[in-house]
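User: Could you take a close look at the inside of this one for me, meaning any enclosed space and what surrounds it? I'd like the cut-offs spelled out as you go.

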Amino acid sequence: AAKDLIDAGGEKFRSHCTTCHEPLYANRGVFPDLRYSPMLAAKESFAAVVLGGALQANGMASFKGRLNDEEVESVRAYLIERANQAKNAPTPRR
């Protein structure tokens, strides 16, 4: 994805998603680390959760009215970038 799209997604992630989904300081094992979400694989699936409320029964609120389709896609691009970074990170030595 284009750097501008990823950067825009990072901004939206930080303003809407970090509280629950940032593993470094918010997740605490309660909410999913979205870098590993199978929903990243398909634009439609990701939008169904974030905008459509497909996982509201599990506690994931819909962001319809707060994010539009393009913004949701930018968040998905940002998370895919972070997933690729995590996948390619060197394994820590023990």
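Analyst: Here's a walk through the cavity, then the core, then the salt bridges.

Ground rules: this is a predicted model, where local features need pLDDT of at least 70, side-chain atom pairs count only at pLDDT 80 or more, and totals for chains, interfaces and linings use all residues. Residues are numbered from 1 along each chain as its sequence is written, and side-chain values use heavy atoms, with hydrogens and water left out.

Rolling a probe the size of a water molecule over the atoms shows where empty space is left. Here a cavity is a set of points on a 1 Å grid over the protein atoms alone where a 1.4 Å probe fits but cannot get out, and lining residues have an atom within 4 Å of a point. Points are joined across faces, edges and corners, and the volume is the space filled by probe spheres set on them. The count is one cavity of 30 Å³ or more, and the largest holds about 30 Å³. Its lining is F13, H21, P23, D33, L34, R35, L79 and R82. By class that's four nonpolar, one polar and three charged residues (Ala, Val, Leu, Ile, Met, Phe, Trp, Tyr, Cys and Pro are nonpolar; Asp, Glu, Lys and Arg charged; the others, Gly among them, polar).

F13 and L79 from that lining also turn up among the best-connected members of the largest nonpolar core, which has 15 residues. Such a core is a set of buried Ala, Val, Leu, Ile, Met, Phe, Trp, Tyr and Cys residues joined through side-chain atoms within 4.5 Å. Helices α1, α3 and α4 each supply at least two core residues, and α4 gives the largest share, five (helices are DSSP runs of H or I, at least four residues, numbered from the N terminus). Leaving aside neighbours within four places in sequence, F46 is in contact (heavy atoms within 4.5 Å) with M39, L40, V72, V75, R76 and L79.

Back to R82, another lining residue: R82 forms a salt bridge with E22, closest N and O atoms 2.9 Å apart. That pair links distant parts of the chain, with E22 in the loop between α2 (18-21) and α3 (43-50) and R82 in helix α4, 60 residues apart. A salt bridge means a side-chain nitrogen of Lys or Arg within 4 Å of a carboxyl oxygen of Asp or Glu. Both E22 and R82 are buried (under 20% relative accessible area; exposed is over 50%, partly exposed in between, with a 1.4 Å probe and protein chains only). The whole structure has five salt bridges.

Methods: On a 1 Å grid over the protein atoms alone, a cavity is a set of points where a 1.4 Å probe fits but cannot get out, and a pocket is an open set with protein on both sides within 12 Å along at least five of seven lines; lining residues have an atom within 4 Å of a point.
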